[in-house]
Amino acid sequence: MAQYAILIYAKTHADEAETVPGAREAHDRHFEDMVKSGSLVAAFALQPAADTATSIHGDVVTDGPFIDAKEVIAGFAIIEAPDLDAALEIARANPATQQGGGVEVRPVEGGFIADGSATA
C-alpha cells in the first residue's frame, strides 16, 4: 500500500482546539478512527508556531515560522491507503477541514522511523 502525508493546517491567530467547542475531542475521534482502520502509520501534533517555531534560512536564524501565512502546519500524519482517492477520503474526515483550517495530502516518496516509540 502507498503512504501519504497529511499536513494539517490551522489558523495562526488562534488555537482552534481552544476556541472551537469540542475540537480536541473531534481530533481524538478522528485519530482513533484511523488507528482502528489500520491506516495510521504515524501522527504528530505540533506546538503553536507563533510561540515555538525557529526558522533557519541560510545563515540566518529567526524566531517564528519560516513564512508569514494565515495558516500554519499544526500537525501531520502518515497514513497507508490503496490509492490517492482513499487517502483523500481519510484526510477529508480530519476535523481541521471544518474548523477553519484544512489539510494537504501528498504521496510519501520515502522515510525512516528510528524506533517506533511514541513521544509526548
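Asp 63 touches Ala 53 and Thr 54, once residues up to four places away in sequence are set aside. I should say at once that this is a predicted model, and that the contacts I describe are contacts within that model. Asp 63 itself belongs to strand β4, which covers residues 60-63. Its relative accessible area is 72%, so Asp 63 is exposed. One further relation places this residue: Asp 51 is 12 residues away in sequence, and the C-alpha atoms of Asp 63 and Asp 51 are 8.5 Å apart in space.

Strand β4 has a partner. It pairs with strand β3, residues 54-57, in the antiparallel sense, and 4 bridges join them. Within this pairing, Ile 56 stands opposite Val 61 of β4. How many residues lie between β3 and β4 in their hairpin? There are 2 residues between them, and Gly 58, in the turn, has a positive phi of about 65°.

I turn now to the sheet. Four strands make up an open sheet, in the order β2-β5-β1-β6, and the pairing is antiparallel. At its edges are β2, residues 40-45, and β6, residues 102-107, each of which pairs on one side only. On average, and ignoring direction, neighbouring strands of this sheet are turned by 20° against each other. As a general reminder, the strands of a sheet pair through backbone hydrogen bonds, in either a parallel or an antiparallel manner.

Let me look at one of these pairings in detail. Strand β2 and strand β5, the latter spanning residues 71-81, run antiparallel and are joined by 5 bridges. Which residue of β5 is the bridge partner of Phe 44? The partner is Phe 76.

These two residues return when we consider aromatic rings. The count of aromatic pairs comes to 1. In that pair, the ring centres of Phe 44 and Phe 76 are 5.4 Å apart and the planes lie at 35°; the pair is tilted because that angle falls between the limits of 30 degrees for stacked and 60 for edge-to-face. The pair links distant parts of the chain, with Phe 44 in strand β2 and Phe 76 in strand β5, 32 residues apart. Are these residues buried, partly exposed or exposed? Phe 44 has a relative accessible area of 36% and is partly exposed. Phe 76, at 28% relative accessibility, also counts as partly exposed.

The edge strand β6 covers residues 102-107, and the next pair of residues has numbers in that range. A search of the whole structure finds 1 salt bridge. It is formed by Arg 106 with Glu 104, and the closest N and O atoms are 3.8 Å apart. Why does this pair count as a salt bridge? The separation of 3.8 Å is within the 4 Å cut-off, so the criterion is met. Arg 106 counts as partly exposed at 48% relative accessibility, and Glu 104 is partly exposed as well, with a relative accessible area of 27%.

Next, the helix that lies across the sheet strands. Helix α4, residues 84-92, lies across β1 (2-11), β5 and β6, and runs at about 130° to β5. Its buried residues are Ala 87, Ile 90 and Ala 91. Viewed down the axis of α4, these buried residues fall within an arc of 95°, so they line one face of the helix. The face turned away from that buried side carries the exposed residues Asp 85, Glu 89 and Arg 92. What covers the buried residues of α4? The cover includes β1, β5, β6 and helix α2, which spans residues 23-37.

Helix α2 brings me to two histidines. His 30 is found in α2, and with a relative accessible area of 9% it is buried. Leaving aside neighbours within four places in sequence, His 30 is in contact with Ile 90, Ala 93, Asn 94 and Pro 95. Ile 90 is one of the buried residues of α4.

His 27 also lies in helix α2, and at 25% relative accessibility His 27 counts as partly exposed. With residues up to four places away again excluded, it touches Asn 94, Pro 95, Ala 96 and Gln 99. His 27 and Ala 96 are 69 residues apart along the chain, yet their C-alpha atoms are separated by 8.0 Å.

Technical notes:
Residues are numbered from 1 along each chain as its sequence is written. This is a predicted model: local features need pLDDT of at least 70, side-chain atom pairs count only at pLDDT 80 or more; totals for chains, interfaces and linings use all residues. Side-chain values use heavy atoms; hydrogens and water are left out. Two strands pair if DSSP finds at least two bridges between them. Axes are lines fitted to C-alpha atoms, for helices over the stretch in contact, and angles run from 0 to 180 degrees between N-to-C directions. Contact means heavy atoms within 4.5 Å. Rings of Phe, Tyr and Trp (its six-membered ring) pair if their centres lie within 6.5 Å; planes under 30 degrees apart count as stacked, over 60 as edge-to-face and the rest as tilted. Buried means under 20% relative accessible area, exposed over 50%, partly exposed in between (1.4 Å probe, protein chains only). A salt bridge is a side-chain nitrogen of Lys or Arg within 4 Å of a carboxyl oxygen of Asp or Glu. The arc is that of the directions from the helix axis to the C-beta atoms.
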